[in-house]
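Visitor: Please take one part of this model and go through it closely. I would like the cut-offs stated as you go.

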Amino acid sequence: MTVPVSQPAPMTRRQWLLSDRPQSRMQARLGRAYVTWRQFSANRLAVLGLIIIVALLLVAAFANLLATHSPVVGDLKNARLLPPGTGEYLLGTDDQGRDILSRLIYGSRLTLFVVVLVAIISAPIGLIVGTVSGYAGGWVDAVLMRITDIFLAFPKLVLALAFVAALGPGIQNAIIAIAITSWPPYARIARAETLTVRRSDYISAVRLMGASPVRIIIRHVMPLCLSSLIVRVTLDMAGIILTAAGLGFLGLGAQPPLPEWGAMIASGRRFILDQWWVAAMPGIAILTVSLGFNLLGDGLRDALDPKETDQ
């Protein structure tokens, strides 16, 4: 009589993702992503930050549908400086009779435009400078780090003001100025990460296989620096928003009638005592988005830290 052989129970999806012996690269990557998400979602404040940023993205994407009025055309005759909740103006109107809520909604596009472009420009510059400096060492490291120190010696807003004053006011020049002042911290982080892996057995093996310094930096060193860089960029986005708002407040950023939040605060400061909502509403928007990026960055820092990773 043949005794039936019991079959092993099929793996659940969670067990498949958490397997310590992945059968493919895809399974290993999905498992790593799942562990990272578990650590991130365990932080409720980080999830709150993610919700705020996702809401910002949705508002910016569907601004045409969400805004009930034009962001640049107002009604001076009938709708000037109306308080919040008056008729169809949920957050009130400004001194030009424009709906503040609609201007905030469209202003979210400008905010994301500035944040994304600054990150795209400054993060690669800092990554390249830091990895080249850390891997090359010697006089290359000394020269690149002294240039970095020169930029770090000045407050970011003051240095951005100097560049915008030289380039001229405008949203494009403001983005360039903020990007120029934002890359040094990324270079420092990339250099520190590179110094920790430069002498490792992994890099030595790649070098013995005949890989050139350029290939080692691009294919092996830079990917190891990305997690720390992503966290720092996310944390810096709040500072980028505040710097852009500061330039707009001083009239050096986005020019009227663009609905930039810093410029909205500047136009509403004349009415801060009697019509407080004109300046307070864009200020609350800046505060909320900055808080969201800070909470998201803190969550990513904990989730992407290899020392805190669940095994």
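Guide: Helices (H or I, at least four residues) and strands (E, at least two) are DSSP runs, numbered from the N terminus. The model is predicted, with local features needing pLDDT of at least 70 and side-chain atom pairs pLDDT 80 or more, while totals for chains, interfaces and linings use all residues. Residues are numbered from 1 along each chain as its sequence is written, and side-chain values use heavy atoms, without hydrogens or water.

Residues 110–137 are 96% helix and 0% strand, with end C-alpha atoms 40 Å apart. An unreviewed UniProt entry includes this span among its "transmembrane region" annotations; such annotations may be inferred rather than shown by experiment.

Asp-99 sits in the loop between helix H4 (63–66) and helix H5 (100–136). Asp-99 is buried (under 20% relative accessible area, 1.4 Å probe, protein chains only). Asp-99 has no salt bridge (side-chain nitrogen of Lys or Arg within 4 Å of a carboxyl oxygen of Asp or Glu). Its nearest side chain of opposite charge, with His and chain ends not counted, is Arg-103, 9.1 Å away. The side chains of Asp-99 and His-69 do make a polar contact (a donor–acceptor pair of N or O atoms within 3.5 Å) of 3.5 Å.

H5 also contributes two or more residues to the largest nonpolar core, a set of buried Ala, Val, Leu, Ile, Met, Phe, Trp, Tyr and Cys residues joined through side-chain atoms within 4.5 Å. Among its 62 residues, Ile-100, Leu-104, Val-114, Trp-261 and Phe-293 touch the most other members. H10 gives the most, 15 residues.

Definitions and conventions
Buried < 20%, exposed > 50% of the residue type's maximum accessible area, 1.4 Å probe, protein only.
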